[in-house]
Amino acid sequence: MAAPLPLILRNPSPLFAPIPTKSPLCLPNTHSLRHHYTPLATTKPFSVLSLSSTSTTRSLSPILNSSKMEGSVTTGNEITEEVAESTTEASMSGLKKIFVAGATGSTGKRIVEQLLARGYAVKAGVRDLDKAKTSLPSSNPALQIVKADVTEGSAKLAEAISSDSEAVICATGFSYGWDVFAPWKVDNFGTVNLVDACRKVGVTRFILVSSILVNGAAMGQILNPAYIFLNIFGLTLIAKLQAENYIRKSGINYTIIRPGGLRNEPPSGNLVMEPEDTLSGGTISRDLVAEVAIEALVTPEASYKVVEIVSSADAPKRTYEDLFGSIKQR
């Protein structure tokens, strides 16, 4: 499945503004010879995590406990993993799996790879099995690839997810084309189908990768170029917002992650995490979005929260526990 917002993210600078590190009114006019940005204002101080700090991973029962174990280390612009042999063995011993919807998308693929590197057992839900076998590490015994089209209803998805999954991470996104209803089929009804499927099989943890500006109208951002552009394609952001609202009312333990403009480059700078309806611009590496999604699984403070994330080179650092803990439930 295609990752969210693929077109704008190849060159997000005209749409998403950088993160101010001192004052929203004191940004330089340009950041590089290639990009020109407009300032971004936020309503609250940043909560951030340094990418140069070490992050530990936890066991395959992250939803039930947060015990630490040997695992991935995040350093600078590169995510490296040192997976303990016992961790891999634990993943292979019949413990429940993490189901990733949209696993062959640009963000979903990174989520799968990072989960595997940390020693998790993963079930990758994909529309195209042949594509998945070439784009995912199909030879990894901890990976199971299953056909799962979110537009085909909750019954088929429930069969794909099944009771051997402990949590679902949704990284789906519609493919741009002539079908003006595609955003609603995938980003709205597709997400709703996933939630309903979880309820059918007893999965109680759900992570959604959404987007900043989904509630742009309420934020006073209706004239924001990014808000206008993204809604040209079948009211994409409105479709995502309606799906978010369904998740919040479903009773499932959720974390909704709203990233800024997605970059394919490795992470740089520090993670900025803000409450919902705060950020109106900024960008972030897909690798870091994947990391945040996985950390949400193992961080109790992330439950029942909506967070918005981008990255900034000069922002200070905080742990994931502090970051998620600083966001209040609504």
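Reader: Why is valine 168 called buried?

Author: This is a predicted model, and in it valine 168 has a relative accessibility of 0%. Buried means under 20%, so valine 168 counts as buried.

Reader: Where does valine 168 sit, and which residues does it touch?

Author: Valine 168 is part of strand 9. Leaving out residues up to four places away in sequence, valine 168 touches Phe99, Ile161, Cys198, Val203, Arg205, Phe206 and Ile207. There's also a long stretch of chain between valine 168 and leucine 297, 129 residues in fact, yet their C-alpha atoms are separated by 9.4 Å.

Reader: Cys198 is on that list. How do you know whether cysteine 198 is in a disulfide or in none?

Author: Look at the sulfurs. A disulfide needs two cysteine sulfur atoms within 2.5 Å. For cysteine 198 the nearest cysteine sulfur belongs to cysteine 170, and that one is 9.3 Å away, so cysteine 198 is in no disulfide. Cysteine 170 is in none either, with the sulfur of cysteine 198 as its nearest. By this rule the count for the structure is 0 disulfides.

Reader: Are cysteine 170 and cysteine 198 buried or exposed?

Author: Buried. Cysteine 170 has a relative accessible area of 1%, and cysteine 198 has 0%. Set those against the limit of under 20%, and the label follows for cysteine 170 and for cysteine 198.

Reader: On to helix 4. Which of its residues are buried, and what puts them on the same side?

Author: Helix 4 covers residues 154-161, and its buried residues are Ser154, Leu157, Ala158, Ala160 and Ile161. Around the axis they cover an arc of only 160°, which is why they end up on the same side of helix 4.

Reader: What do the buried residues of helix 4 pack against?

Author: Quite a list: strand 6 (97-101), strand 7 (122-126), strand 8 (143-147), strand 9 (165-170) and helix 5 (182-201). Just past the end of helix 4, serine 162 takes a positive phi of about 55°.

Reader: How many bridges join strand 7 to strand 8, and how does the chain get across?

Author: The two strands run parallel, with 5 bridges joining them. Valine 122 stands opposite leucine 143 of strand 8. To get from strand 7 to strand 8 the chain passes through helix 3 (residues 129-135), making a β-α-β crossover that is right-handed.

Reader: Why does asparagine 193 count as buried?

Author: Its relative accessibility is 15%. That is under 20%, so asparagine 193 counts as buried. Asparagine 193 belongs to helix 5. Setting aside neighbours within four places in sequence, asparagine 193 is in contact with Val150, Thr151, Gly153, Ser154 and Leu157.

Reader: How many aromatic pairs are there, and what makes the pair of tyrosine 254 and tyrosine 304 edge-to-face?

Author: The structure holds 3 aromatic pairs. For tyrosine 254 and tyrosine 304, the rings are 5.7 Å centre to centre, with 85° between the planes. Pairing asks for centres within 6.5 Å, and edge-to-face asks for planes over 60 degrees apart, so this pair earns its name. The pair links distant parts of the chain, 50 residues apart: tyrosine 254 in strand 11, tyrosine 304 in the loop between helix 8 and strand 15.

Reader: Why do tyrosine 254 and tyrosine 304 get different labels for accessibility?

Author: Tyrosine 254 comes in at 6%, so it counts as buried. Tyrosine 304 is at 35%, and partly exposed is the label between 20% and 50%, so tyrosine 304 counts as partly exposed.

Reader: Then why is the pair of tyrosine 320 and phenylalanine 324 called stacked?

Author: Their ring centres are 6.3 Å apart and their planes are at 25°. Stacked means under 30 degrees, so stacked it is. Both residues lie in helix 9, 4 residues apart, about one turn of the helix. Tyrosine 320 is buried at 4%, and phenylalanine 324 is buried at 0%.

Reader: What makes the phi of leucine 235 worth pointing out?

Author: Most residues other than glycine have a negative phi. Leucine 235 has a positive one, near 55°. Leucine 235 is in the loop between helix 6 and helix 7, and at 40% it counts as partly exposed. Aspartate 277 also has a positive phi, near 60°, and lies in the loop between strand 13 and strand 14.

How values were computed. Residues numbered from 1 in each chain as written. Predicted model: local features only at pLDDT ≥ 70, side-chain atom pairs only at ≥ 80, totals over all residues. Heavy atoms only, no water. Buried < 20%, exposed > 50% of the residue type's maximum accessible area, 1.4 Å probe, protein only. Arc of directions from axis to C-beta. Contact = heavy atoms within 4.5 Å. Pairing = 2+ DSSP bridges. Right-handed = clockwise from strand over helix to strand, strands pointing away. Phe/Tyr/Trp six-rings, centres within 6.5 Å; stacked < 30°, edge-to-face > 60°.
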